[in-house]
Each structure stands twice: as structure tokens, then as C-alpha cells.
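Trainee: I would like to take a close look at a single part of this model, the sheet, and then see how it sits within the rest of the chain.

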Amino acid sequence: VIDIRKLYAATGYFTYDPGFTSTGSCESGITYIDGDEGVLLHRGYAIDELAENSTFPEVCFLLLNNHLPTAAERTDFENILRRHSMVHEQLTKFYSGFRRDAHPMAIMCGVVGALSAFYHDSLDINDPQERKIAAHRLIAKMPTIAAMAYKYSTGQPFMYPRNDLSYAENFLYMTFGTPCEPFKVNPILSKAMDKIFILHADHEQNASTSTVRLAGSSGANPFACIAAGIASLWGPAHGGANEAVLKMLEEIGSVDRIPEFVRRAKDKNDSFRLMGFGHRVYKNYDPRAQVMRQTCHEVLGELGIKDEPLLDIAMELEKIALSDEYFIEKKLYPNVDFYSGIILKAMGFPTSMFTVLFALARTVGWISQWKEMIEDPVQKIGRPRQLYTGDTKRPFVPLAERG
Ligand code: ACO
């Protein structure tokens, strides 16, 4: 590994790497990806094993603390999350400032950023205890804030979190429950929700995580840093892809039109891409997509949806693309977003909420990475260089002489 700082100090040279395709920005012990082999490990544990055998709060604990919780630690952590799950009553007023038809990701950027206005006094990022509390607050409050964004769009009253429910159950309750009738938790759906959260928990130095780290490298308030991460996640090339996949599947409309769209995706004069395909790091099947596909079948089965045309199109599209020379040569495989939209749609979420759920789950990854960065003695403020391509120095032209 080249120490680029020493190289720069000695030579004055720096690397030009648009999109940071080959630049390591930090050391990290949180998440390992082998893109060629399709491997994803969190703190050394395989993602499929975590999705199958653990719960999202356990994975949160693991990411933050570098070990799986004991039974006592797990109970304690779940209680901490419950304790912090309510938001300041004043924060609920922020929602009414937004249009009802605002995109919920726009609301998330604003409301999560606004948390910094509630906790700025007590927040010393150099105090490990305060960092921990900030992490707990964020993880605990995200389901409440996300569900409120949904409720606001439907005009229904906000539902307060309930301490007798698990993290995933509570989110489903706050989203789909109403004060008029008792809420029945479907264990298959809450397990699926929990799995979806686990699959999105962290993914090393992607665009939104790098954004959180970069914002945090100046010593900024962590709530504001997470809001920056949410903004970055929103784009269709990143977290917005699950929403884009569903739109694409709807646009394709029927299995017989797939070849036309595959042809378009290969045409360099057409900006169309197969959404949910390809990844900067994975040059093999995204291991999260495997679990997501299985979960998709489980959820549709549970809901008794025998005929879901979008799932038929997705499975056929996957089959066709995986046997197409273009996709094989470029190593384009389905990523985590390819099947998640179908599951979320079946569960009753509108497409505009898909990326919000991603943000909710990724918050633990963002805040774990932020914490790791603050605790890393080597880290400095992030400050990339540039290749200047503008004019060389020229004399100032007075207004009267500018024509
Ligand atoms: N459909 C068709 N062609 C594609 C696709 C696709 N989905 N993805 C990449 N390619 C092609 C590109 O045109 C390019 O071809 P070229 O070498 O002839 O120029 C080549 O494959 C490499 O693509 P890049 O865009 O250079 O790869 P990069 O690593 O920068 O992009 C990305 C990765 C953004 C994920 C890309 O594959 C993409 O746009 N996919 C669709 C959007 C998507 O699903 N995003 C979700 C990512 S996962 C996540 O954020 C959770």
C-alpha cells in the first residue's frame, strides 16, 4: 500500500481518480467486501448468516461494538433503542411545514438534519459516551421519523412508538397502524422487514457513507452528517435505485418486452440502464440480492400473491441478462435493489418510501463509520485535490470594457 501522504510530501504529485474508483479513503474494520467472489462480511460475519440468524438490533450492536451481543447485552441494547425511540414533540411540528406531496426523502433530509438543533448542547464529539448516545438516538429515532414522513403524506395521525414491539414490528406499526383499530403484527412480514434492514445496514465506503465521513471529518454534528448521507443516498445511481427498478419493471410491463429493454441497455446512444443491475464493487452476484430474492418469494407467498407480473418480469429479466454477452463481459449482476422494491410494494409501501427504508437501515452503518473515523487518530479533514482546467491568470476587465 502506498502512503499517498508521504508520496505527496516527497514529490508534490497527487492521484487523479474521478469517482474514487481506486482510492482508499480510510482504514476500516467494519465491513469487508470481496466483489469478485460476491462476499460481504460485517465484522467478520457473513451477511447471509446474519440475515438468517440474527435480528437488526443485534447487527446494529455488532457494527457499533465489534462483537455479537450476549443475551443480556441484546436485551439491554433493545431497551436503549426503545427508550430513545420517541422524538421531541417540537420536532413533529416540522412536518407541517412541508407540502403533503413532498418526496419523503426531502422530508428526511430536513427532519434528520433538524435533530442537530435538539441535541447540539449536549454533544461533544470528543466524548466517547456522547458519541455512543448520538448513535443510539439516531438508530432509535429513524423508524419513528420515517413512519411520520409516511403518515404525513397520507394525512393520517402520527403513531407513537410502542415499547412492547420489536424494532421492525414497531416500524410497521407506526407506518400502517391507526388509532382506530388494534394492530396485528404478521410475524413473516416483520421478519422480512428485519431482514431487509439487515441487508442494508452497511456497505463500506459507498457514496453516502463517504459523504457522512467527509462531512464528519470537519468535526460537524453527527445528526447533520447523517442528513448529508441521506441526501447522497437519494440519487437513482445509489439508494434511489430500488424505486427506479420498480418504475422500470412497470415500464417494461410484460415479459415479451424484455428483449427490447435489454437491447436499449446495451445501446451506447441510449442513456437507459437496467436499474438494479451492476455495482462498483461486485463483479459477481451481490450476496444481498440472493437473500432478497428468497425473501421476495416468502413475502409474496405469505400474502397469497400468486400472480405478481412484476416478479415474473424481474425473474425473466435476470435470466435473460445473465446469459447475455454484454452483461457477462461487463460482469453486471443483480444488486440488492433488484428484488427489494417488489417486496416493499407487496408489503404496502409506496415507491417513494423505498429509499427512506434504505436510509433507516443504513443509519447504523453511517454512524458506525462516523464513530470509527472520529476515533481514528490518523484521520484528518477530508480535502481532495483537483486537476484545474480553467483559465490561467488574466487581467481584470472593468465593466465598461466588457462589451
Ligand atoms: N445497465 C447497462 N449497462 C450498465 C449498467 C446497467 N445497469 N451498469 C453498468 N453498465 C455498463 C456501463 O455502461 C459501462 O459500460 P462501458 O464500459 O462500455 O462504458 C460499464 O457497464 C461500467 O459501468 P460504470 O457506470 O462505469 O460502472 P460504475 O461502477 O461507475 O457504476 C453503478 C456502478 C452506478 C451501480 C451502475 O452499474 C448503474 O448505474 N447501475 C444501475 C443503477 C443501480 O442499480 N444502482 C444501485 C447500486 S447498488 C446501491 O447503491 C445500493
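Which residue in β2 is the bridge partner of T31?

Mentor: This is a predicted model, and within it the bridge partner of T31 in β2 is H42. That pair belongs to a set of four bridges that join β1 to strand β2, residues 39–42, with the two strands running antiparallel. Further along the pairing, I33 stands opposite L40 in β2. Between β1 and β2 lie four residues, so that the two strands form a hairpin, and G38 in its turn has a positive phi of about 70 degrees.

H42 also appears on the other side of β2, where its bridge partner in β3 is Y45. β2 and β3 pair in the antiparallel sense over two bridges, and they too form a hairpin, here with two residues between the strands. In that second turn, R43 has a positive phi of about 50 degrees.

Taken as a whole, the three strands form an open sheet in the order β1-β2-β3, with antiparallel pairing. Because β1 (31–34) and β3 (45–46) stand at the edges and each has a single partner strand, one side of each is left without a neighbour in the sheet. The side chains of β2 alternate along the strand: L40 and H42 point to one face and are buried, while V39 and L41 point to the other face and are not buried. The residues already met as partners of I33 and T31 are thus the ones on the buried face of β2.

Turning to the rest of the chain, there are 19 helices alongside the three strands. The radius of gyration is 23 Å, close to the 22 Å that the globule rule gives for 403 residues, and the chain is therefore as compact as a globular protein of that length. Along its principal axes, the C-alpha trace spans about 75 × 55 × 55 Å. Of the 403 residues, 41% count as buried, and among contacts between residues at least 6 apart in sequence, 76% join residues at least 24 apart.

Nonpolar side chains in soluble globular proteins tend to be buried together. Here the largest nonpolar core has 106 residues, and those with the most contacts inside it are M108, V112, A146, I226, I230 and L357. Helix α8 (residues 128–154) gives the most to this core, with 13 residues. Leaving aside residues up to four places away in sequence, I230 touches M105, M108, C109, V112 and A359.

The positive phi of R43 in the second turn invites a look at residues elsewhere with a similar feature. Most residues other than glycine have a negative phi. E204, in the loop between α10 (187–199) and α11 (207–216), has a phi near 40 degrees, a positive value in a residue other than glycine. With 17 C-beta neighbours inside 10 Å, E204 counts as partly exposed. K331 lies in the loop between α17 (325–329) and α18 (337–347), and its phi is near 55 degrees, again positive in a residue other than glycine. K331 is partly exposed as well, with 13 other C-beta atoms within 10 Å.

Finally, there is the ligand: of the 19 residues around it, A241, R273, F277, G278 and R280 come nearest. By class, this shell has eight nonpolar, seven polar and four charged residues.

How values were computed
Residues numbered from 1 in each chain as written. Predicted model: local features only at pLDDT ≥ 70, side-chain atom pairs only at ≥ 80, totals over all residues. Near = placed C-beta within 6 Å. Nonpolar A, V, L, I, M, F, W, Y, C, P; charged D, E, K, R; others polar. Rg over C-alpha atoms; globule rule 2.2 N^0.38 Å. Buried ≥ 20, exposed ≤ 12 C-beta atoms within 10 Å, placed from the backbone. Contact = placed C-beta atoms within 7 Å. Core = buried A, V, L, I, M, F, W, Y, C linked by C-beta atoms within 7 Å. Pairing = 2+ DSSP bridges.
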